[in-house]
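Got your viewer open? Then grab the mouse and follow along, one selection at a time.

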Amino acid sequence: MGTGKNWPNRKLKCASQAEILRAHQRDDDFVKHLQEKLTETAQNFGLHRTLLHYIRSDVPLKLLYFIFTSGMGNQTLGEEYTGIVQANLEQRRVPTLTVRILAAVLECLGERTLLKLLQQLQIYVNRPSSKLTPAAISFFNTLLSRLHTIIPIIVLFHKGMFYIYGRYYSLGRRIAGLDYTKVYGPRPLDTVSWGLRLLGVATLIQCLLKIWQSGRMQNTTSANISNVKSVSYNCLLCLEAPATTTTVCGHLFCWNCLSEWLRVKPQCPFCREYVPPSRIVHVMNL
């Protein structure tokens, strides 16, 4: 697969959803197998703790896998298995190395990096030495929390659109403009595509439910914060320290109690609602 190769006399058609999914599933299976072998080797040589941070995440291995396949102009194992090739359908050519790198980086790191950036911004806004006014802190906390909620929904919505229309497996590939075209082998039956389209509709419904649930949780949080101002200012766990931190479900605790609790179990200590540590919010002017 060379970057300068063109198909001037051949009509390029986008590969089907089933072919693209099977290719990525086969690639993911290979990366997981490589991860297991690397973990086993590290344990045998006593390097498991040293390499734990790199082994636990599949991102480094995916990027390494990309270097030896798409990065060098070769098909991945999944692409060879299904007979598809990365292509720019509009320009009728193999994508350039820059486009392939951009698609790989966005697919592996895009969502995670953006969510981590939002988390760091929220920590910066709520730092004790912040010179922002209470109104500005409240505004930025609300904005960053909503962005942290809506980004995974956008990614899920894009996945639903892929199931229905079959183009651009990930949001990163859509941004880079990287498609797949079928070059050899039998095509799947149409009934498979209809099954995936039904899955796409279900995924879009799931997005709507998540949006509704998110709005309901935010309203509950605001109502609980308003009520707690006139009822209690103490942490619900230790009952002594001032309550300065709220969960997405609206219950108030001190920072130390809540952070220690979530480090052991990511659930609200009061109602057992799932609470990731990155979603707790420092509340001002209680």
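At what angle do the axes of helix α5 and helix α6 cross? Select residues 97-125 for α5 and residues 134-165 for α6. Their axes come within 10 Å and cross at roughly 170 degrees. An angle over 145 degrees counts as roughly antiparallel, and α5 and α6 are therefore roughly antiparallel to each other. Keep in mind as you look that this is a predicted model.

**The whole chain**

Zoom out for a moment. The chain has nine helices and five strands. Going along the sequence, they follow the pattern α-α-α-α-β-α-α-α-β-α-β-β-α-β. There are 286 residues in the chain, and 38% of them are buried. Now think about contacts between residues at least 6 apart in sequence: 67% of these join residues at least 24 apart.

**Back to α5 and α6**

Show the side chains where these two helices touch. On the α5 side, pick E111, L114, L115, L118, L121, Q122 and V125. Across from them in α6, the contact residues include I137, F140, N141, L144 and S145, and also L147, H148, I151, P152 and V155. Colour this contact by class and you'll get 12 nonpolar, four polar and one charged residues.

Stay on α6 and click I154, which lies in this helix. Is I154 buried or partly exposed? With a relative accessible area of 42%, I154 is partly exposed. Try a distance label from I154 to C207: the two are 53 residues apart in sequence, yet 8.2 Å apart in space, C-alpha to C-alpha.

Next, click S170, in the loop between α6 and α7 (171-176). The cut-off for buried is under 20% relative accessible area. S170 has 12%, so S170 is buried. What does S170 touch? Leaving out residues up to four places away in sequence, S170 touches E107 and H158.

**Helix α3**

Select residues 59-68, which make up helix α3. Highlight V59, L61, Y65 and F66: these are buried. They cover an arc of only 165 degrees around the axis, so they sit on the same side of α3. What do the buried residues of α3 pack against? Add α1 (17-44), α4 (77-82) and α5 to your selection, and you have the partners.

Now look at α3 with α5 alone. Their axes are 11 Å apart and the helices pack at an angle of about 175 degrees. That makes α3 roughly antiparallel to α5. To see the contact, show V59, K62, L63 and F66 from α3. They meet R100, I101, A104, C108, L109 and R112 in α5. Sorted by class, the contact of α3 with α5 has seven nonpolar, no polar and three charged residues.

**A pair of strands: β1 and β2**

Time for some strands. Select residues 84-87, strand β1, and residues 179-182, strand β2. In which sense do β1 and β2 pair? They pair in the antiparallel sense, over four bridges. You can check how the strands line up: I84 stands opposite K182 in β2, and A87 stands opposite D179.

Turn the pair around to view the side chains. In β1, I84 and Q86 are on one side, V85 and A87 are on the other, and all are buried. Both faces of β1 are covered, in other words. In β2, D179 and T181 point one way while Y180 and K182 point the other way, and again all are buried.

**Last stop: three strands**

Which order do the three strands of the open sheet take? Select them and read off β4-β3-β5, with antiparallel pairing. The edge strands, β4 (252-253) and β5 (281-282), each pair on one side only. Zoom in on β3 (residues 245-246) with β4, where there are two bridges. Here T246 stands opposite L252 in β4.

One final click: P242, in the loop between α8 (190-229) and β3. Exposed means over 50% relative accessible area. P242 has 55%, so P242 counts as exposed. Finish with a distance label from P242 to C254: they are 12 residues apart along the chain, and their C-alpha atoms are separated by 6.0 Å.

Technical notes: Residues are numbered from 1 along each chain as its sequence is written. This is a predicted model: local features need pLDDT of at least 70, side-chain atom pairs count only at pLDDT 80 or more; totals for chains, interfaces and linings use all residues. Side-chain values use heavy atoms; hydrogens and water are left out. Axes are lines fitted to C-alpha atoms, for helices over the stretch in contact, and angles run from 0 to 180 degrees between N-to-C directions. Angles under 35 degrees count as roughly parallel, over 145 as roughly antiparallel, 65 to 115 as roughly perpendicular and the rest as oblique. Contact means heavy atoms within 4.5 Å. Ala, Val, Leu, Ile, Met, Phe, Trp, Tyr, Cys and Pro count as nonpolar, Asp, Glu, Lys and Arg as charged, and the others, Gly among them, as polar. Two strands pair if DSSP finds at least two bridges between them. Buried means under 20% relative accessible area, exposed over 50%, partly exposed in between (1.4 Å probe, protein chains only). The arc is that of the directions from the helix axis to the C-beta atoms.
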